[in-house]
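Good morning, colleagues. I would ask you to bring the structure up on your screens, and we shall go through it together.

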Amino acid sequence: MNFMMKSCFLAGGLWLSVVSPLWAQSLPKLQPGMAYAQARSALMEKGWRPASQLRRFQAQPLTPVLVYLYGLGYLEVAGCNPEGWCGMEFVHSKGQRLTVITRDNYPDNDAGPLLADWYLGDELKELIR
């Protein structure tokens, strides 16, 4: 590996070591099992904005879970699986993207959706907690 490549890797690693913690610092204190409504409010207070996914689903028949979540005003639903787990997407003005995973997304659940997990970026390997 030549000097130029080593310098680029070093600079890239240094940039990531500085930027990644800054992204994490812009997250509020989240706890698995907390009400999604509470987590959502805390995220919005820290500058995270729900990324509306409604356009993606306009041409498809909506599942009862999507109808329920949209009815609650959660237009950030990116998708749900048959077991009732859903992904909610947020963006930050600094360009970061956050996916929040919720569980118990059923209309008959009096507690409402609950926070299960969350991660920055595109891949689950970047789990944060």
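Asp104 is placed in the loop between S4 and S5. Please bear in mind that this is a predicted model. In that model, Asp104 has a positive phi of about 60 degrees although it is not a glycine. For context, most residues other than glycine have a negative phi. How exposed is Asp104? Its relative accessible area is 27%, so Asp104 counts as partly exposed: the buried class ends at 20% and the exposed class begins over 50%.

Asp104 also takes part in a salt bridge, its partner being Arg103, with N to O at 2.7 Å. Arg103, too, is partly exposed, with a relative accessible area of 27%.

Let us turn to the two strands on either side of that loop. Strand S4 covers residues 97-103 and runs antiparallel to S5, with 6 bridges joining them. Within this pairing, Ile101 stands opposite Asp117 in S5. How many residues of strand S5 are buried? The strand spans residues 114-120, and 7 of its 7 residues are buried, which leaves S5 mostly covered. As a general reminder, the side chains of a regular strand alternate between the two faces of the sheet.

I now come to the salt bridges, of which the structure holds 3. The bridge of Asp104 and Arg103 has already been described. Another brings together the side chains of Arg97 and Glu89, at 3.5 Å from N to O. Here the two partners fall into separate classes of accessibility: Arg97 counts as partly exposed at 30%, whereas Glu89 is buried, with a relative accessible area of 14%. The cut-off explains the assignment, because buried means under 20%.

There is also the salt bridge between Glu76 and Arg40, in which the closest N and O atoms are 2.6 Å apart. What does this pair tie together? Glu76 lies in the loop between H4 and S2, and Arg40 lies in helix H2, so the bridge ties together parts that are 36 residues apart in sequence. Both Glu76 and Arg40 are buried.

The next item concerns aromatic residues. The structure holds 1 aromatic pair. It is formed by Tyr36 and Tyr74, whose ring centres are 4.9 Å apart; their planes stand at 90 degrees, so the pair is edge-to-face. Tyr36 belongs to helix H2, residues 36-45, while Tyr74 sits in the loop between helix H4, residues 64-71, and strand S2, residues 77-80; the pair therefore ties together parts that are 38 residues apart in sequence. Both tyrosines are buried. I would invite you to view this pair together with the salt bridge of Glu76 and Arg40, since that bridge likewise involves helix H2 and the loop between H4 and S2.

Helix H4 deserves a further word, as Pro64 lies in it. Is Pro64 buried or exposed? At 61% relative accessibility, Pro64 counts as exposed, because the threshold for that class is over 50%. Pro64 and Asn105 are 41 residues apart in sequence, yet their C-alpha atoms are 9.9 Å apart in space.

We proceed to the cysteines. A search of the whole structure finds 1 disulfide. Which residues does it join? The link runs from Cys80 to Cys86, with an S to S distance of 2.0 Å. The angle about the S-S bond is 110 degrees, and the link is right-handed. Its two ends are covered to unequal degrees: Cys80 is partly exposed, with a relative accessible area of 32%, and Cys86 is buried, at 2%.

Finally, let me place these details within the whole chain. The secondary structure comes to 4 helices and 5 strands. What pattern do they follow along the sequence? The order is α-α-β-α-α-β-β-β-β. The protein chain has 129 residues, and 39% of them count as buried. Among the contacts with a separation of 6 or more, 42% are between residues 24 or more positions apart. The chain exposes about 8000 Å², of which carbon and sulfur atoms supply 60%.

To close, I return to the starting point: Asp104, in the loop between S4 and S5, combines a positive phi with a salt bridge to Arg103. Thank you for your attention.

Notes: Residues numbered from 1 in each chain as written. Predicted model: local features only at pLDDT ≥ 70, side-chain atom pairs only at ≥ 80, totals over all residues. Heavy atoms only, no water. Disulfide = S-S within 2.5 Å. Buried < 20%, exposed > 50% of the residue type's maximum accessible area, 1.4 Å probe, protein only. Helix = DSSP H or I, 4+ residues; strand = E, 2+ residues; numbered from the N terminus. Pairing = 2+ DSSP bridges. Contact = heavy atoms within 4.5 Å. Areas by Shrake-Rupley, 256 points an atom, 1.4 Å probe, with all protein chains shown as cover. Phe/Tyr/Trp six-rings, centres within 6.5 Å; stacked < 30°, edge-to-face > 60°. Salt bridge = Lys/Arg side-chain N within 4 Å of Asp/Glu carboxyl O.
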